[in-house]
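User: Please take a close look at how the helices in this model pack against each other. I would also like to see which charged side chains pair up along the way.

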Amino acid sequence: MFLFVGLGNLGKKYSDTRHNVGFFVIDELIKKFNFDSLGKKYSSSLFKGKIGNDIVMAIKPQTMMNDSGTAVKEIKDFYKIPINRVFVFYDEIDLVFLKIKIKIGGNSAGHNGIKSIDKLIGKNYNRIRIGIGKPLRKNMVSSFVLSSFTETEMLALKEKIHLMITYFDTLLEYKFDLFLNKLSNREVII
C-alpha cells in the first residue's frame, strides 16, 4: 500500500492559490483512477484506489498547511504504511513554474507543511516538488504563495498534472528518472 499526500489549505479563499498545488494533484488523481471517497477520517479527506495492481491511499489534509504532519502521521500509522511508500506533492518556490523535481529526505526549504511532516514522521519520504515560480522579493513569499494562478497558468498547470498522473506507475516503481524524463519529453507550453 502507498500513501499519496497533496498539500494545500482549506477554504474557498485558498482554492486556486499556488500553495494548493498538492490538492490539485490529488483531485486529478481521484478523477483519473476513479478512487473511492472514504470521507473525512484521520484529519484528512481520504480516498482509496488502485494504480495498476497497487493500492493507493490518497489524502488532502484537513488541518491547514502548517499542521499537515498530523494528518499524514495518523494515516501512515493507522494503515502501517512504510515511510518509503509515502509520496508528498507540494508547491516549490525555488523551482520555475511547472518544473518538477523529486527527492527523498532533505530539508524543508522553509515550507511549513513539509516542516510539520518531517517533525512527525521523519524525513525519508518521497517529495514531489512542483515549481510555482518565485516572487521578486523575499518579503513577498507569503503573499505570493497565497496568490491565485492566472487563467493561463492554471490551464498549463492542469495539463502538467494530467501528464504527471499518466506516469504515476513509474513513481510506484521508484523509477524517478524515467518519470522525470517522460515529463520533460512532453513539456507544457504556456
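Analyst: What follows goes through two helix pairs, and then through some of the salt bridges. The model is a predicted one.

Start with helix H2, residues 68-78, and helix H3, residues 112-121. Their axes come within 7 Å and cross at roughly 40°. An angle between 35 and 65 degrees counts as oblique, and H2 and H3 are therefore oblique to each other. The crossing of these two helices is right-handed. On the H2 side the contact involves Ser68, Gly69, Thr70, Val72, Lys73 and Lys76, and on the H3 side Gly113, Ser116, Ile117, Leu120 and Ile121. Sorted by class, the residues where H2 meets H3 are four nonpolar, five polar and two charged.

One residue of this contact can be followed further. Ser116 lies in helix H3. Is Ser116 buried or exposed? Its relative accessible area is 10%. Buried means under 20%, so Ser116 is buried. Leaving aside residues up to four places away in sequence, Ser116 touches Asn66, Asp67, Ser68, Gly69 and Thr70. Among these, Ser68, Gly69 and Thr70 are also in the list of H2 residues that meet H3.

Lys73 is another residue of the H2 side of this contact. The side chain of Lys73 also forms a salt bridge with that of Asp77, at 2.6 Å from N to O. Side chains of opposite charge can pair when their charged atoms come close. Where do Asp77 and Lys73 sit relative to each other in H2? They are four residues apart in that helix, so about one helical turn separates them. Lys73 is partly exposed, with a relative accessible area of 31%. Asp77, at 39% relative accessibility, counts as partly exposed too.

The second helix pair is H1, residues 21-32, with H5, residues 151-166. These helices pack at an angle of about 55°, and their axes are 10 Å apart. H1 and H5 are therefore oblique to each other. H1 passes H5 in a right-handed crossing. From H1 the contact takes in Val21, Phe24, Val25, Glu28, Leu29 and Lys32, while H5 supplies Met154, Leu157, Ile161, Ile165 and Thr166. By class, the contact of H1 with H5 has eight nonpolar residues, one polar and two charged.

Glu28 belongs to this H1 side, and its side chain also meets that of Lys31 in a salt bridge, at 3.3 Å from N to O. Both residues lie in helix H1, three residues apart, which is about one turn of the helix. How do the two partners compare in exposure? Glu28 is partly exposed, with a relative accessible area of 23%. Lys31 has a relative accessible area of 55% and is exposed. The cut-off for exposed is over 50%, so the value for Lys31 puts it in that class.

How many salt bridges does the structure hold? There are eight, including the two described above. One more of them joins the side chains of Lys175 and Glu173, at 3.1 Å from N to O. Lys175, at 41% relative accessibility, counts as partly exposed. Glu173 is partly exposed as well, with a relative accessible area of 45%.

Conventions. Residues numbered from 1 in each chain as written. Predicted model: local features only at pLDDT ≥ 70, side-chain atom pairs only at ≥ 80, totals over all residues. Heavy atoms only, no water. Axes fitted to C-alpha atoms, helices over the stretch in contact; angles between N-to-C directions. Parallel < 35°, antiparallel > 145°, perpendicular 65-115°, else oblique. Left-handed = near helix turned anticlockwise from the far one by under 90°. Contact = heavy atoms within 4.5 Å. Nonpolar A, V, L, I, M, F, W, Y, C, P; charged D, E, K, R; others polar. Salt bridge = Lys/Arg side-chain N within 4 Å of Asp/Glu carboxyl O. Buried < 20%, exposed > 50% of the residue type's maximum accessible area, 1.4 Å probe, protein only.
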